[in-house]
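Let's take a walk through this structure, stopping at its strands, its aromatic rings and the surroundings of its ligands. Have the 3D view open as you read.

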Amino acid sequence: MSQSKRIEKEGITQSEYLNLIAELMTIRKRGEVPLAYIRTYGCQQNVADSERIKGMLFEAGFSFTDTPDDADFILFNTCAVREHAEDRVFGNVGALKNIKRKHPSVLIALCGCMMEQEHVAKRIHDSFPFVGLVFGTNCLHEFPRLLYNNLLYGKRTFLRGNTDENVYEGIPIKRDGLFKGFLPIMYGCDNFCSYCIVPYVRGREKSRKPEVVVSEAREMIESGYKDICLLGQNVNSYGKGLEPRPNFSSLLKEIDSIDGDYWLRFMTSHPKDCTKELIDTIAQSKHISHHLHLPFQSGSNRILNLMNRRYTREKYLDIIKYAKERIPDLSLTSDIIVGFPGETYEDFQETLSLIKEVEFTSLFTFIYSRRKGTPAAEMPDVVSDEEKSKWFQELLKVQEEIAAKRCAQMVGSVQKVLVEEKSSNKEGVLCGRTSGNIIVEFEGDDSLIGSFENIKITKARNWILNGEQIKE
Ligand code: SAH
Ligand code: SF4
Ligand code: F3S
């Protein structure tokens, strides 16, 4: 059973290490504030991890810069989910060599999912000698100790391995957003979908205790967060390993009962564990947004079986039907893989027909990428890259029409919108999102950023809505 632990090591707590780092850097920088450059690749889980790393650095006296050339500490938090993501990291790490040459005192570090792969860590070790610190996804709580020792002794350090069953609490957080924020409720994944590297690089599924999650949610709401997204690779199996075992719906209900004007979201849901109870919980809640991200990956039962997804097209469509009946304005989104090994054009057509049937608001579409060490990497993959790209384009075209149709249906309605930022295209125009996560643009004053506004939708441009603010 997993345990919840405060961060502590060898008698010195990690927060004492942060104080020691602060003292060390004050001497080194002669009182000037040390700067860190943090670059995050990959999914929201990595963003949430980087926010904890920034929290620790902030407590150790660091400020942050967007210019790696100015930094005393450079960290890339990496993603291994597709080959393209890894290639980008290798390219960008290579470019850091010049910075190290110009500023020999800078410490260059790498962490995140890529680093948990043996062959990647070896390549970094052998070919990138200017990288001084490497740590894996389950070593965040050790970061203060690692950083301190590295700054003090300058010895290259590699700490990896994700077999630790404990969940470490008490790590400080510096969130990127002031009114939108992520709240991890669990770590790791036990599903082993045959194409996916995540279970190998993130380790086994571990849930945070409900009281810890609820109190973090309460703190966020009290400090003005308007959009809270609960994170996990499969939030529907939340609670596994905890005694007594809570379930995801009960956690949602507890958070939902906290007073305030906010939206609660979550991702990702796995169709095999998505229950009617969860749909009912959304339907009856006050704060849970009417948005369900439910990746189906493929519309063909034969491919779903090869993917080890453990549901069928029919089961998926059943839960969607129930969800649409219970929540008529539900916005649905999904992830899809095109060109899985052995997929035929007929299988792909089943994916297209599922998209047409469900009418998703938007889709995250990926061409299959072979991941070393996963079962799918050993399956025969005969369809050419050109052919897969053609299928991919066909899918995008179908989805564009569906998204445009769905947006057009919203013209004339009034939507509650969380105003997020100034539009980058036009002066005086603001950009926000509906509860269903659809982008809305309207004219308004910058002071509205961070607040909920009612917007009358006047026009739809493909997947973006235009509207006018309704003033009370
Ligand atoms: N846990 C989440 C998503 C994790 S990764 C879930 O189960 O939905 C995000 C998305 O990346 C996946 O949903 C999948 O569509 C895609 N993905 C994962 N591995 C991939 C691979 N090897 N090639 C292409 N896409 C992949
Ligand atoms: Fe990967 Fe499947 Fe786990 Fe999602 S549920 S992270 S796709 S193994
Ligand atoms: Fe990438 Fe790791 Fe997320 S592999 S998608 S950053 S869990």
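## Strands, rings and ligand shells

Strand β17 (residues 331-338) and strand β18 run parallel, with six bridges joining them. Keep in mind that this is a predicted model. If you want one spot to zoom in on, take Asp-335, whose bridge partner in β18 is Phe-364.

These strands belong to an open sheet of three, ordered β16-β17-β18, and the pairing is parallel. What stands at the edges of this sheet? That would be β16 (291-293) and β18 (362-367). Each of them has a single partner strand, so one side of each is left without a neighbour in the sheet. On average, neighbouring strands here are turned by 10 degrees against each other, direction ignored.

For antiparallel pairing, move on to strand β19 (residues 414-422). With strand β22 (residues 452-461), β19 pairs in the antiparallel sense over five bridges, and Lys-416 stands opposite Asn-454 in β22. Five bridges also join β19 to strand β20 (residues 429-434), again antiparallel. There, Val-419 has Gly-432 of β20 as its bridge partner. The hairpin of β19 and β20 has six residues between the strands, and in it Gly-428 takes a positive phi near 80 degrees.

Now for the rings. The count comes to 18 aromatic pairs. One of them joins Tyr-17 and Tyr-148: the ring centres are 5.9 Å apart and the planes stand at 45 degrees, so the pair is tilted. Why can we call this a link across the sequence? Tyr-17 lies in helix α1 (residues 14-28) and Tyr-148 in helix α5 (residues 143-153), so the pair ties together parts that are 131 residues apart in sequence. Are these two tyrosines, Tyr-17 and Tyr-148, buried or exposed? Both are buried.

Phe-248 and Phe-266 make another pair, with ring centres 5.1 Å apart and planes at 80 degrees, so this one is edge-to-face. Phe-248 sits in helix α8 (residues 248-256) and Phe-266 in strand β15 (residues 263-267), so the parts tied together are 18 residues apart in sequence. Phe-248 counts as buried at 3% relative accessibility, and Phe-266 is buried too, with a relative accessible area of 5%. Elsewhere, Phe-62, Phe-73, Phe-135 and Phe-143 form one aromatic cluster.

A couple of lysines also sit over rings:

| Lysine | Ring | Distance to ring centre |
|---|---|---|
| Lys-174 | Phe-58 | 4.8 Å |
| Lys-276 | Tyr-322 | 5.0 Å |

In the second row, the part over the ring of Tyr-322 is the charged end of Lys-276. In the first, Lys-174 lies over the face of Phe-58.

Last stop, the ligands. Which residues surround ligand 2? The shell consists of Cys-189, Asn-191, Phe-192, Cys-193, Tyr-195, Cys-196, Val-198, Pro-199, Gln-233, His-270 and Arg-309. By class, that makes seven nonpolar, three polar and one charged residues around ligand 2.

Around ligand 3 you'll find Cys-43, Asn-46, Cys-79, Ala-80, Val-81, Cys-113, Arg-202 and Gln-233. This shell has five nonpolar, two polar and one charged residues. Look for Gln-233 in both places, since it is listed around ligand 2 and around ligand 3.

Definitions and conventions:
Residues numbered from 1 in each chain as written. Chains lettered and ligands numbered in written order. Predicted model: local features only at pLDDT ≥ 70, side-chain atom pairs only at ≥ 80, totals over all residues. Heavy atoms only, no water. Phe/Tyr/Trp six-rings, centres within 6.5 Å; stacked < 30°, edge-to-face > 60°. Helix = DSSP H or I, 4+ residues; strand = E, 2+ residues; numbered from the N terminus. Buried < 20%, exposed > 50% of the residue type's maximum accessible area, 1.4 Å probe, protein only. Lys NZ or Arg CZ within 6 Å of the ring centre and 35° of its normal. Pairing = 2+ DSSP bridges. Axes fitted to C-alpha atoms, helices over the stretch in contact; angles between N-to-C directions. Near = heavy atom within 4 Å. Nonpolar A, V, L, I, M, F, W, Y, C, P; charged D, E, K, R; others polar.
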